[in-house]
Structures are given as structure tokens and as C-alpha cells.
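Please look over the sequence and the three-dimensional structure shown here, and keep both in view while reading the report that follows.

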Amino acid sequence: MPYLLALDQGTTSSRTVLYDSDGRVIASAQKEFPQYYPQPGWVEHDAEEIWASQEATLREVLGRCGVPLSEIAGVGISNQRETTIVWERDTGRPLSRAIVWQDRRTAERTEAMKGAGEERGIREKTGLLLDPYFSATKLAWLLESVDGLRERGARGEVCFGTVDSWLIYRLSGGRVHVTDVSNASRTLLFNIHTLQWDPELLARFGIPAAMLPEVLPCAASFARCALPGLEGLVVTGVAGDQQAALFGQGCFAAGMAKATYGTGAFIVMNSGKEPVLGEGVLTTIGWQLGNEVCYALEGSVFIAGAALQWLRDGLGILASSAEAEALARSVPDNGGVYFVPALTGLGTPYWDPFARGVIAGLTRGSGRGHLVRAALEAIAYQTCDAIEAMERAGNIPVQALRVDGGAAANDLLLQFQADLLGVPVLRPALTETTSLGAALLAGIGAGVFDLAELRSRSTPERRFEPTGDPSRRDQLRAGWRRAVSLALGWEKPS
Ligand SMILES: Nc1ncnc2c1ncn2[C@@H]1O[C@H](COP(=O)(O)OP(=O)(O)O)[C@@H](O)[C@H]1O
Ligand SMILES: O=P(O)(O)OC[C@H](O)CO
């Protein structure tokens, strides 16, 4: 039986998962790597540490599973998106720390561009908004800040890539510099209509074209592995992690949507074969198979499970994220407490890089149970805001929400989400849908199966049906909106 290997490079950890061709997990390994916060609002990774953690998990899985390389039909990659890496083409040496998607250092630059009325034109081409989240201003910042980078970039001596490109470059022994359309569609440099890097955008952001990777569809022959002992593996599938999760959740028809609750929460809806633009939501490429492109609408929530991590590591009021559910259940409701975790600004639908966190509604009776519950509820409120904006944009009501990611283990959160949305929330038995999506794309790329066959597969799931009364829902959402209004623009220079 052919096997498929998935490399899932996330914001806080790297994972490798080996699947059989029916999508069953055979072996997996995971490794965390350091986060760097050199200044308020800055978030960096060391690209070498990303690579080392990914390679370690890859070797661990292969060492443990006993499956010969010859039986692995393809390798899929899913990755944290937008994170920007530059490295020397000849040596593979990173030329700075990677600037992570959460990093806000270019907020004033994007604000100035918005002020100059540049957003509309950029949005029509890329489907995105002017926000520091995306790669272009991060790369522009590096070109201005790293000595000689612009000149070397123009001479073709330096590569730019998102994390998929970086991993492929290293896997191929420095021979291949490519990316896929879904990752390219997160850079603000890629035209989602022509499926090419856009010369006008490159000029606008001052990016030398010679630095950019070649762009391929999501299932293709990306690269052969040249690592010692791993020769023979071929990368045949690549997608940004949120698009991979949409694929892994089987959202193959327009209107199907998923939310991945990890560090952030990413709500993505299949919007069909044509790009649709809408207020406050992103238009992005879900995947491309052959010549067929599936477009998607996306709501991006920057802080979701990370709010629990902050309660754990920053405030020390939680021993582990897993403890959150019991603590939240120790109180009957939020006690009037709302936590807007705008710790790195707010994404959909507010797009305010200057928003900052707010905890509102505290009384003498508020305890850590309320705070933890408010952090969990914030994930659901933010998801609800995003889905509402997507429904308006796509003019398609969401009938059910498929969920996955670390915080999808939390039953209280999922029930609250169903109550708030008024539609069922579905959790698959296997919540590793991101790596599964990468493996499935790799399977298509390797010719193991095709999309038609995947459409006929069904996965067991747990359903959370909406309960509760709509007036309570409206009251809660009104409280949330009031708290959000306090967070907006907090850090804005006057
Ligand atoms: N039981 C839980 N309840 C709520 N949040 C949880 C729970 N378990 C994990 N999390 C949160 O999920 C996140 C990790 O999810 P994961 O999908 O691994 O993230 P990522 O891919 O972004 O690194 C963490 O932010 C953690 O706080
Ligand atoms: O690594 P994750 O799962 O938090 O996903 C990060 C997203 O791709 C950022 O856009």
C-alpha cells in the first residue's frame, strides 16, 4: 500500500505525520521551537530552528515507522503562511530572522499606504487588504534593513520564500526554489486572477523579481529530496496550512467552511471557481489542481488558543491549555467578563493593527474561571464575526462549521460556538486535518487517487447542535461588540 508523508510546519511547532492512502495515521512526531519577541509587536523565528525541528520530526517518524522510503508515494507540505524568510541562494544561509505573520512592525507603513488610497487597487489584484500580516511589507522592511540585501536580491543571489519554499529548498539540497499558489496568494505580490507575480505590485513594494520562487499548482512534482538517507522522497503536494485544512476537512463544494482553532483561528470557506471580494474578509486561493482553481474566503483571527497560552505563561493562572475547559466549567457563565485578545491587533473584520487587548466587565466577584471562560468565548465571538462577514461577501449561508486544531479539543468552546452561530459545529474524529490535507494533495500529486475519489470518502465526526435562546445570543454578542470598541485603535499614534 502506498504511504503519504505530511510535513506540517506551524507557528509554534513542526510536525511530521505518516498516513496510509486511506488517510489513517501510521506515525507522527512533533517538536516545538523558540519564538522571539525582540520588541513590542515584533515576532520572529530562526529559520534554521524551523528547519532543524522539521527535519528532526521527519527523521523520527521515518526511523520509528519501519516503512521503506520506496513505499512512500509522496510528501506533502502544509505551513504557517506569510512568514517571510530570506536566504543566500548558494549557501542556504538565512540572512535575517524570519518575520512571522503575527509581526506588526510594518503597521505604520500599511497605514500610510491606506491613507494614500492604495488599498483598493491592491485588493482587486490580490484579494487581500493592506495589513502588516502579509509578506510584502515584511520583505520590503528586510530589503531596507539588511545591509546589501536589495542589491544582492536584484542580482539573484538571495531567495525570498514563505516557509514552504524554505523547507523545499532545504529538502532539495539547495536546488529548488518554488512555492505553490495558495502560499503565493498570501504575499500581497501575487495576482490571483492571472496566477502570476504581479510586476506592478513588485514595483510598488520595491521587490526584485529575481528573489521570487517559481509558482506551481498544489499537486505537482515540486522537488526530489536530496538529504542523506532520504533520497527518493518526492514533494508532490503543497498548500498553506489553512488551505490544507480546508482540503483535509473535505470542503470540496462552495459554501463549505472550516475553522482551525490553533494559535490563531482561521475560518475559510470554499467560494467556488471564481474569486469573490467582500467587506472585511480576504479572498484567497484555496487550491489549484491542474488548471482548476478553487477560491476561498477567509477570516483571520490572530489570537485564539494563544490567549490561553498567555493566561498560562503570562499570568500564570492556568497550568495548561487542557485545563481551560474544567476551569471555564467551574463558573456558570462569563459573569459579564469579556476578553478581547487583541494582543497583536485585530484581523477580520476589523483589520486594526493598532487594537490592543482589553479585559472588560470585571467586578469583585470575577475570578480566574471567568477570565478563562472569557478567553474561550473570545475564540467563538471572533469566529462568529468572521463567518458573518464571509456570508455577506459570498452571499452563501454557512450550513455547518467544521472545526479542527488544538483548541477544537475543547467541548465547551464548540458547544458555545454552535449556540452563538445557530448552526451545527462538526468535529472530525481525526482533528489533524491540516497535515491530512497536505498528505491528500501529495497523494493527488503522486497519482495515488484523484479528487473525485476523495469526494466519496466520509469521516466520522462529533456534532455539536445549537441550543439556547437567540435573545441570550444577541445579548452576549452585544457585550462582545462593546468590549471590541474599547480595544480598537488603542495604540494608534495621535
Ligand atoms: N483543551 C484546550 N482548550 C483550549 N485551547 C487549547 C486546548 N488545547 C490546546 N489549546 C490551544 O491550542 C493551541 C495549539 O493548537 P495547534 O493547533 O497545535 O496550534 P498551532 O498549529 O497554531 O501551533 C494553543 O494555543 C493552545 O492554547
Ligand atoms: O501555524 P498556525 O496553525 O497558527 O497557522 C498560521 C497561519 O497560516 C497564519 O496565516
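## A helix shared by two sheets

Helix 9 lies across strand 1, strand 5 and strand 14, and runs at about 100° to strand 14. Helices (DSSP runs of H or I, at least four residues) and strands (DSSP runs of E, at least two residues) are numbered from the N terminus. Contact here is between two residues whose C-beta atoms, placed from the backbone, lie within 7 Å, while axes are lines fitted to C-alpha atoms, for helices over the stretch in contact, and angles run from 0 to 180 degrees between N-to-C directions.

This is a predicted model, in which local features need pLDDT of at least 70 and side-chain atom pairs count only at pLDDT 80 or more, whereas totals for chains, interfaces and linings use all residues. Residues are numbered from 1 along each chain as its sequence is written, and chains are lettered from A and ligands numbered from 1 in the order in which they are written.

## The six-stranded sheet

Strands 1, 5 and 14 belong to an open sheet of six strands, whose order is 3-2-1-5-14-13 and whose pairing is mixed; two strands pair if DSSP finds at least two bridges between them. At the edges are strand 3 (25–32) and strand 13 (219–224), each of which pairs on one side only. Direction ignored, neighbouring strands of this sheet are turned by 25° against each other on average.

Within the sheet, strand 1 (residues 3–9) and strand 5 (residues 72–79) run parallel and are joined by seven bridges, and Asp8 stands opposite Ser78 in strand 5. Helix 6 (residues 163–171) lies across strand 1, strand 5, strand 13 and strand 14 (234–240), and runs at about 140° to strand 5. In the loop between strand 5 and strand 6 (85–88) is Glu82, a residue that has a positive phi of about 70° although it is not a glycine.

## The seven-stranded sheet

A second open sheet has seven strands in the order 17-18-16-15-21-22-23, again with mixed pairing. Its edge strands, strand 17 (282–289) and strand 23 (461–464), each pair on one side only, and the twist averages 30° from one strand to the next. Helix 9 (residues 241–248) also packs on this sheet, where it touches strand 15 (257–261), strand 16 (265–272), strand 17, strand 18 (292–301) and strand 21 (401–404), with its direction at about 60° to that of strand 16.

Strand 22 (residues 425–428) pairs with strand 23 in the antiparallel sense over four bridges, and Pro428 stands opposite Glu461 in strand 23.

## Two packed helices

Two packed helices are described by the angle between their axes and the distance between the axes. For helix 12 (residues 368–394) and helix 13 (residues 411–421), the angle is about 35° and the axes are 9 Å apart. To this contact helix 12 brings several residues, including Leu376, Ile379, Ala380 and Ile387, and helix 13 brings others, among them Leu412, Phe416 and Leu420.

By class, the contact has ten nonpolar, two polar and one charged residues; in this scheme Ala, Val, Leu, Ile, Met, Phe, Trp, Tyr, Cys and Pro count as nonpolar, Asp, Glu, Lys and Arg as charged, and the others, Gly among them, as polar.

## Surroundings of the ligands

Ligand 1 is surrounded by 19 residues, of which Gly10, Gly262, Thr263, Gly305 and Gly406 are the closest; a residue is near a molecule if its C-beta atom, placed from the backbone, lies within 6 Å of it. This shell has six nonpolar, twelve polar and one charged residues, and helix 10 gives the most to it, with four residues. Around ligand 2 there are 13 residues, with Gly10, Thr11, Gln80, Arg81 and Gly262 coming nearest, and the shell divides into two nonpolar, eight polar and three charged residues.

## What the record lists

Under "binding site", an unreviewed UniProt entry lists Thr11, Thr12, Ser13, Thr263, Gly305, Gln309 and Gly406. Although these residues are spread over 396 residues of sequence, they cluster in space, with a largest C-alpha distance of 14.0 Å. Gln309 lies in helix 10.

UniProt also lists residues 258–445 as "domain: Carbohydrate kinase FGGY C-terminal" (unreviewed entry), and over this range the chain is 36% helix and 23% strand. UniProt positions are given in the numbering used here, feature names are shortened, and annotations may be inferred rather than shown by experiment.
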